[in-house]
Amino acid sequence: MLSLVRACRISGNWTFMGMRTVILENQTLKISVIPEYGSKIFEFVYKPSDRDFLYHNPRMEMRTPVYGQYADNWWNGGIDEALPSCYGGEYKGDILPDFGELWSLPWSWEVQNDTAEEVTLHLWRSTIIAPLRIDKWLTLRKDSSALFVKHRITNLSHRKERFLWGIHPSFDVTPDFRIDTPAEKVVIVYSRPDDRLGKPGSSYRWPYVQNRNGEKEDMRVVKDLASNTNDFQYATDLKQGWFSLTDTSEKEGFGMAFSTDVFRSLYMWFVYGGYRSLHFSVVEPWTGYPPSLSDAEKNGVYTELESKESLESASTMFVYTGLSRVTRIAANGEVEGEP
């Protein structure tokens with residue numbers, strides 16, 4: 001008997017909180033995208049357990065963003081794009097918005113491929129201050145628990161342009177979660193309260209750091225809400241390009257694989273009650289550091305494109321099961337670890 005349900009589906013005939021929504025689905029995953037909200041991926045649902053791995057601010061409704069606003073008063077979770085800087089502020093005579101330009105701008109989109117074997121959503125947008133265009137392709141395939149992501153950033157200017165670009169996923173976590181990545185050196189941007197892990201600019205070797213009380217903390221372990229901590233840091237010297245967040249009690253998790261030729265750092269924002277009484281983890285690949293483009297220029301770690309030149313990158317986001325600890329993730333999304 002022929003099945004009446006297609007293995008892969010894509011539809012833009014949806015709305016969420018009044019905003020047009022595109023949904024990509026196969027037997028395993030449901031991916032929901034809001035093009036007019038910076039092309040935000042606001043759902044990454046693993047169907048067998050009906051679990052959305054992404055964080056959603058319980059006190060922040062989804063509403064159409066306003067360009068140039070302070071991002072923290074609008075940000076409600078999901079997966080966002082950030083360009084041309086993480087931190088806002090003055091840069092070459094302009095004031096860059098906090099968290100960049102892309103998150104608050106509407107993107108154009110089209111369904112590029114729609115078959116039972118594979119569906120692809122193409123989204124694109126030019127930034128206002130920075131003369132850059134970003135194209136993004138999201139592909140879901142039959143019998144796969146992975147979302148295949150391709151990006152292209154093009155310099156529209158008549159001269160060289162420098163920027164920082166980051167992919168910003170946020171995760172709904174509990175103290176049963178652990179965070180793994182093959183990072184080495186980690187630099188502290190801030191650690192609250194009271195510089196608890198060290199002064200800004202100090203560093204440690206992942207995953208262990210000594211706190212101000214002389215205790216060794218394992219940063220892979222998610223703390224509970226009562227911990228009242230808020231730590232922002234970035235990893236350099238990545239041995240491989242991947243990270244994972246695993247629910248050790250349910251033995252299922254979310255992983256991402258990316259190219260270290262493009263993304264040379266991994267920003268990590270661990271909020272366990274110490275920021276607005278919220279609880280989440282953010283792990284995000286970035287092309288440079290520190291988080292301010294002006295500071296990244298001084299540090300010499302940023303991305304530069306010649307006039308009309310493009311940068312292309314492929315990454316994979318996926319769900320895995322049966323593991324309590326991840327030890328390696330291949331570029332195609334194959335996961336190794338311990339049961």
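Me: How much area does the protein chain expose, and what share of it do carbon and sulfur atoms supply?

Reply: Accessible areas come from the Shrake-Rupley method with a 1.4 Å probe, and for residues only the protein chains shown count as cover. Here the protein chain exposes about 14,300 Å², of which carbon and sulfur atoms supply 46%. This is a predicted model: local features need pLDDT of at least 70, side-chain atom pairs count only at pLDDT 80 or more, and totals for chains, interfaces and linings use all residues. Residues are numbered from 1 along each chain as its sequence is written, and side-chain values use heavy atoms, with hydrogens and water left out.

Me: Is K40 buried or exposed?

Reply: Buried means under 20% relative accessible area, exposed over 50%, and partly exposed in between (1.4 Å probe, protein chains only). K40 is buried, its relative accessible area being 0%. In the protein chain, buried residues make up 58% of the 339 residues.

Me: With which side chain does the side chain of K40 make a polar contact?

Reply: A polar contact is a pair of N or O atoms within 3.5 Å; within protein, one must be able to donate a hydrogen and the other to accept it, and residues adjacent in sequence count only if both atoms are side-chain atoms. The side chain of K40 makes such a contact with the side chain of D80, at 2.8 Å. In addition, a polar atom of the K40 side chain lies 2.6 Å from the backbone oxygen of G77.
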